[in-house]
Amino acid sequence: MKPGLTLVGGITLFELVGAVLVFIAAVAGGKVIALSLRRSLREKVAAHYLDMVAKVAYYLVVVGGLLWALSILGVGLSGLLVAGGVAGLVVGFASQQIVGNVISGLFLMVERPVKIGDQVNIEGTAGFVDDIRIISTTIRTYDGLMVRMPNEKVFTSNITNYVALACRRIDYTVGIRYRDDAEVAIGAIKEVLNEHPYVLVEPTPQVFVESFGESAVNLTVRFWSPVSTWYATRSELLWRIKQALEAKGIEIPFPQRTVWFGSDQEESSRSQKQVSRLRKGRGERA
Amino acid sequence: MKGRTKEAVSGSRKGKKPSLYGRFPLPVELQSDSVRVAAMPEGEVVHYRREAPCGVVEKTVVTSGGRLIVNPVEPVNLPQSISTTLLLHFVRPVVVEPKGRVVLFLTFPIEVGVFIARQQAVEMLDVFCLLPSKFTLYGPQGGGRVCKYWRSKVSFVPPTVKPLEEGVLALTVTNATPRWVEVNRAVFHAHGMKLFFGSALVAMQAEMRITAADMAETQFVDRPLHEGMKKSLEVYRARKLSTAMTRFMMEYGL
């Protein structure tokens, strides 16, 4: 007979209190260890790795404390495994989705298609990955909303990671008037690109005549920028290109269309004759 | 001038340009070409002001003593610290014979670091650069890395450069392969940079060991180019950042 007040299953009050205290101490200890890891490694380890290390340390201490607390209550590891097996079946059937989320969370941590701080688009939700927890992932959208997504959904969805690679391409289409010199425009745009620090030297920026539009000669401007400065560079350079073109006397034309009204038929035919004469003068075919 | 250091004053008197680099007790006022750095008392605190073509920076420093350290630092901090590697692109490629060894002199961009120090505690106060920055991608778009870019002439004697703008890198290239190898560029890990400075020269030494036609390993050598040069305070050490990676494996071509 055990000393002290005996509760259910032969567990004494002393053992129960001891187990609870051990578990609370483990949770508190885990938090202290995770916090001190974050403090000591903050400047030495990347934020996403540090977060994972802190979490793993925390859960290891908590699980260790839980096992210790259970052993105080007389629950052996072998018994726990058997019970766990049976309980696992029951829980598995009862909470398939939660287990799926936990397993997906583990795979997310191992495969690492996204990391904390990455800019991603998952199923139309775009923003920064704020946290990857054991069951869910939270995304902070660009307009400041917090979206919680189950890990299973994250893992099985198409993920666009905007910052997984070192650099990204920026494309502009710039229209100039038909009477402007395209080579001068290309030179002016290339000068702007060369002066900007975040327009990468390699891959080489490209500026070329893409097409003859209805109202403008369309130039394509293509260059690469580091992912961390991509958005700022994209926003900044378009206006600089416009300013550089204007400095060379090149204008970006408004869309324009010549419309002939039916009552102006005489005027129209006169104009058409003029156009034909001009074309003849230039040796073009009508 | 009140507070001006001995070095700056004596440099002016002799008619030669005073060096901005060195360790100076506060208060201090330094001027070199278009750059002026001053840390002058303002009541109970110190007013730090830097004027350069790239801009003006002012800070209030709370200290009852201390010293200002000005020296060249790893050129990967500006405009933003987005890369830790430096790529030097050779204006003219160098072809090295099998098992050959050659010492090349290249130039690299300088960033000037201003630190405030008190006893053993050092903190970076300011960093500036007099030349425009440029970046490039080394390697493929998937897997390559963004590097600070500099186009350098290749010479076989140390070139003359402005010590506030450019430094001299003595690069020993060793071709360990049994074939001819063309070298167009050298990529380095900034964490391992060992910068030394004198009154008129900033320099460092590095090695490149070519292990295949398109692969080489680079690292810096902790040795001054000339006797009497002083070692720069390294930003990564001052910030107590991890410096585990000091060698760079050039695996995407030379």
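## Reading contacts, strands and a pocket

Biologist: Leaving aside neighbours within four places in sequence, which residues is Phe90(B) in contact with?

Modeller: Phe90(B) is in contact with Leu104(B), Leu106(B), Ser152(B), Val154(B), Leu171(B), Val183(B), Asn184(B), Arg185(B) and Ala186(B), once the neighbours within four places in sequence are set aside. Please keep in mind that this is a predicted model.

Biologist: Where in chain B does Phe90(B) sit, and is Phe90(B) buried or exposed?

Modeller: Phe90(B) belongs to strand E7 of chain B, which covers residues 85-96. To decide on burial, compare the relative accessible area with the cut-off: under 20% means buried. Phe90(B) has 2%, so it counts as buried.

Biologist: How far is Phe90(B) from Arg151(B) in space?

Modeller: Their C-alpha atoms are 6.0 Å apart, although 61 residues separate the two along the chain. You can ask about such long-range pairs for the whole chain, too. Of the contacts in chain B with a separation of 6 or more, 72% are between residues 24 or more positions apart.

Biologist: What is chain B built from, and what share of it is buried?

Modeller: Chain B has two helices and 19 strands. Of its 254 residues, 50% count as buried.

Biologist: How do I read a single strand, say E9(B)? Which strands does E9(B) pair with?

Modeller: Look at the partners one at a time. Strand E6 (residues 67-73) of chain B pairs with E9(B) in the antiparallel sense, over seven bridges. Strand E10 (residues 121-128) of chain B is also antiparallel to E9(B), again joined by seven bridges. Val114(B) lets you see both pairings: its bridge partner in the one is Val70(B), and in the other Asp126(B). E9(B) itself, residues 111-118, is mostly covered, with seven of its eight residues buried.

Biologist: What happens between E9(B) and E10(B)?

Modeller: They form a hairpin with two residues between the strands, and there Gln119(B) takes a positive phi near 55°.

Biologist: And a whole sheet? In what order do the strands of the four-stranded open sheet in chain B run?

Modeller: The order is E2-E3-E4-E5, with antiparallel pairing. Its edges are strand E2 (28-32) and strand E5 (55-61), each pairing on one side only. From one strand to the next the twist averages 10°. For a pairing inside this sheet, take strand E4 (residues 45-52), which is joined to E5(B) by seven bridges; Glu51(B) stands opposite Val56(B) there.

Biologist: Which open sheet can I look at in chain A?

Modeller: Chain A has an open sheet of five strands in the order E4-E3-E2-E1-E5, also with antiparallel pairing. Strand E4 (146-150) and strand E5 (159-161) are at the edges. Here neighbouring strands are turned by 40° against each other on average, direction ignored. Strands E1 (residues 119-122) and E2 (residues 125-132) share four bridges, and Asn121(A) faces Ala126(A) in E2(A).

Biologist: Last one: how is empty space found, and what lines the second largest pocket?

Modeller: The general idea is that rolling a probe the size of a water molecule over the atoms shows where empty space is left. The second largest pocket has a volume of about 220 Å³. Its lining includes Gln119(A), Tyr142(A), Tyr162(A), Arg168(A) and Trp230(A). By class, the lining residues are seven nonpolar, three polar and one charged. Helix H7 (residues 230-247) of chain A gives the most to this lining, with three residues.

How values were computed: Residues numbered from 1 in each chain as written. Chains lettered and ligands numbered in written order. Predicted model: local features only at pLDDT ≥ 70, side-chain atom pairs only at ≥ 80, totals over all residues. Heavy atoms only, no water. 1 Å grid on protein atoms, 1.4 Å probe; cavity = no way out; pocket = protein on both sides within 12 Å on 5 of 7 lines; lining within 4 Å. Points joined across faces, edges and corners; volume = space filled by probe spheres on them. Nonpolar A, V, L, I, M, F, W, Y, C, P; charged D, E, K, R; others polar. Pairing = 2+ DSSP bridges. Axes fitted to C-alpha atoms, helices over the stretch in contact; angles between N-to-C directions. Buried < 20%, exposed > 50% of the residue type's maximum accessible area, 1.4 Å probe, protein only. Contact = heavy atoms within 4.5 Å.
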